[in-house]
Amino acid sequence: QDDQDYGGPLAFHPRMPRQVSYAAPVLLLVAATAFVIAQTSVFFAAAFNAGDGAPGSQGLDTINLVNLTIFEAIHNLWAAGGGGKLLAVLTFAASILLPYGKLLILGTMWFVPASTWGVHRRDRVLVIMDQIGKVTLADCSLFAVLSIMLQAPWSAEGDPSTRLQLGVSPRAGYIWQVFGTGVSLVVGHAMLAAHRIVERESNKYIVQASVVQSTRTMSMLESQTNLRSSSAGGLLASFADALGGNSEGNLSVAQLAGHAKAGLVTLLLSTTLGLMLGGTFVGCFKVHWTGAVTSIRGLMHDGAYDYWTMWELLVGLTRTGLQATAACIFVEALLIIFCFIVPIAFIAAMLVLWLCPMKPAVQYRMWVVLQVVCAWGAMDIFTGAIFLSGLFSKDIYNFVNYSMEHGNLQPICAGLQGSTGVVCIGAEPGLQMGIALILTAVILWVACAIYVHMVMTRIREGKMLQTM
């Protein structure tokens with residue numbers, strides 16, 4: 001059936017299976033329901049655990065300190081004053097407005113006629129929604145950092161069995177927010193894939209890339225012929241052959257774009273990979289403990305500071321070894337996978353796509369897969385949460401203090417502060433120099449991903465030929 005002039009909605013495109021037409025809005029409703037549950041359930045909780053950690057111990061005594069929903073957490077950030085109000089607005093926008101806004105936009109793109117909203121504009125919107133979906137985890141990342149920094153195990157010197165732990169752990173609201181984000185990402189991928197299939201974008205890329213490949217190959221052959229006619233032609237021509245396409249005449253994306261293989265983009269991708277691998281294990285975060293809790297730390301012979309690398313933060317939810325809940329283990333696994341493994345795999349695979357000669361069909365499929373991988377990589381979101389925690393250190397300190405004062409220890413904390421001016425639990429985050437490495441890595445990651453996307457899009461739309 002000829003559908004070149006189809007001007008109706010993507011959902012009812014002649015090439016769209018009807019099961020997909022109706023499955024997408026159902027998934028949008030599932031995601032919206034998950035977000036509603038997340039925002040009306042307890043998001044995270046803090047507690048003191050104290051007891052004998054020796055073998056055969058009967059367990060720990062637990063004192064619940066505070067339970068917060070996301071709205072209560074946003075309220076406490078606002079009540080902390082100063083920059084806390086800005087953090088409250090950013091958290092509200094990222095965790096409340098963006099999730100529903102993204103679902104609304106996806107639903108609109110699914111049902112709006114192509115005659116009203118053009119195919120090319122639909123493609124751009126779906127790509128943007130696909131890549132910013134992970135921002136809805138900004139609240140999860142921020143409160144993951146706060147939870148990890150407040151995971152404070154102390155033991156008495158000479159008697160390691162005497163243990164005290166301040167623990168903060170994610171609750172049902174946190175898990176539902178993660179689930180809702182995951183569903184919204186999946187439905188975004190599905191809509192973008194459906195759009196690309198019905199619009200035959202794979203065929204468009206293959207045709208245009210083949211033309212660019214032929215043009216580039218002819219240009220390279222002419223250059224090699226000129227080299228061989230020169231006095232040093234043999235050696236230089238052999239070197240040019242080594243840098244060219246493979247024996248089948250295929251070129252890399254770098255060559256299709258007119259870049260040298262050992263050029264700036266390759267350097268930036270390699271630098272990004274090195275910074276991710278190295279910067280993860282360099283000190284980037286610290287916590288300064290103040291208030292009444294420092295007396296306990298003094299008795300337990302611990303210092304007033306805790307220092308963290310990125311890796312230690314990723315595995316920090318279970319570092320105490322005391323009452324690590326299933327939620328803590330689950331969230332920690334997600335942090336390791338999506339904030340470390342996935343971003344590194346993405347950059348490594350992007351280097352392969354950029355440098356290795358491939359058939360255009362293989363290039364296109366690999367590019368599509370890498371877009372999905374990039375959408376799930378969350379090192380940028382987690383790094384941003386670390387940076388904001390350090391940037392607004394005083395406001396985070398006030399947030400922790402306010403939350404504790406209005407929790408289950410309110411009478412004790414209010415009396416202590418009223419009579420002595422000392423807060424119950426003071427925890428002020430700060431940054432170490434290593435954060436610069438991770439920030440540079442994620443900035444380069446985003447910049448390289450955007451640039452390669454622009455190159456692939458220009459090839460698909462035939463714009464690369466116009467500049468050759």
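Student: Why does Ala292 count as partly exposed?

Tutor: In this predicted model, Ala292 has a relative accessibility of 27%, and since the partly exposed class covers what lies between the buried limit of 20% and the exposed limit of 50%, that value places Ala292 in the partly exposed class. The residue sits in the loop between strand S5 (283–290) and helix H11 (293–299), and its C-alpha atom is separated by 6.5 Å from that of Val422, a residue 130 positions away along the chain.

Student: What makes Ala260 count as exposed?

Tutor: Exposed requires a relative accessibility over 50%, and Ala260 has 51%, so the residue counts as exposed. Ala260 belongs to the loop between helix H9 (253–256) and helix H10 (264–279); from Ala260 to Leu355 the C-alpha distance is 9.3 Å, with their positions 95 residues apart in sequence.

Student: Why is Pro429 called buried?

Tutor: The limit for buried is a relative accessibility under 20%, and Pro429, with 3%, therefore counts as buried. Pro429 is part of strand S7 (residues 426–431), and its contacts beyond four places in sequence are Met149, Phe285, Lys286, Val287, Ser389, Gly390, Ser393 and Ile396. For one of these contacts, Met149, the C-alpha separation from Pro429 is 7.8 Å, although the two residues are 280 apart along the chain.

Student: Which residues have the most contacts inside the largest nonpolar core?

Tutor: They are Phe143, Met149, Phe285, Phe382 and Phe399, in a core of 97 residues. Helix H13 (residues 326–355) gives the most to this core, namely 13 residues. A second core, separate from that one, has 22 residues, among them Leu28, Val125, Met129 and Ala194. As a general matter, nonpolar side chains in soluble globular proteins tend to be buried together.

Student: What does Phe382 touch, not counting residues up to four places away in sequence?

Tutor: With those excluded, Phe382 touches Ser141, Ala144, Val145, Ile148, Met310, Leu313, Leu314, Leu335 and Cys339.

Student: What makes H4 roughly antiparallel to H6?

Tutor: The axes of helix H4 (residues 119–132) and helix H6 (residues 172–198) cross at roughly 155° and come within 9 Å. Angles over 145 degrees count as roughly antiparallel, and the crossing angle therefore makes H4 roughly antiparallel to H6. The crossing in which H4 passes H6 is left-handed. On the H4 side the contact is made by Val119, Arg122, Asp123, Leu126, Val127 and Asp130, and on the H6 side by Leu185, Gly188, His189, Met191, Leu192, His195 and Arg196; sorted by class, these are 6 nonpolar, 3 polar and 4 charged residues.

Student: How do you know that His195 counts as buried?

Tutor: His195 has 0% relative accessibility, and it therefore counts as buried, the class being defined by values under 20%. His195 lies in helix H6, and, with neighbours within four places in sequence left aside, His195 is in contact with Leu10, Val119, Arg122, Asp123, Leu126 and Glu201.

Student: Which residues of H6 and H13 make the contact between these helices?

Tutor: Tyr174, Ile175 and Val178 of H6 meet Ala327, Phe330, Val331 and Leu334 of H13, which by class amounts to 7 nonpolar, no polar and no charged residues. The axes of H6 and H13 cross at roughly 35° and come within 11 Å, and the crossing of H6 past H13 is left-handed.

Student: Why does Arg200 count as partly exposed?

Tutor: At 29%, the relative accessibility of Arg200 is what makes it count as partly exposed, because that class begins where buried, under 20%, ends and stops where exposed, over 50%, begins. Arg200 lies in the loop between H6 and helix H7 (201–228), and its phi is near 55°, a positive value in a residue other than glycine. In general, most residues other than glycine have a negative phi.

Student: How many of the 468 residues of the protein chain, in per cent, count as buried?

Tutor: The buried share is 49% of the 468 residues. The secondary structure of the chain comes to 19 helices and 7 strands, and, among contacts with a separation of 6 or more, residues 24 or more positions apart account for 78%.

Technical notes:
Residues numbered from 1 in each chain as written. Predicted model: local features only at pLDDT ≥ 70, side-chain atom pairs only at ≥ 80, totals over all residues. Heavy atoms only, no water. Core = buried A, V, L, I, M, F, W, Y, C linked by side-chain atoms within 4.5 Å. Buried < 20%, exposed > 50% of the residue type's maximum accessible area, 1.4 Å probe, protein only. Helix = DSSP H or I, 4+ residues; strand = E, 2+ residues; numbered from the N terminus. Contact = heavy atoms within 4.5 Å. Axes fitted to C-alpha atoms, helices over the stretch in contact; angles between N-to-C directions. Parallel < 35°, antiparallel > 145°, perpendicular 65-115°, else oblique. Left-handed = near helix turned anticlockwise from the far one by under 90°. Nonpolar A, V, L, I, M, F, W, Y, C, P; charged D, E, K, R; others polar.
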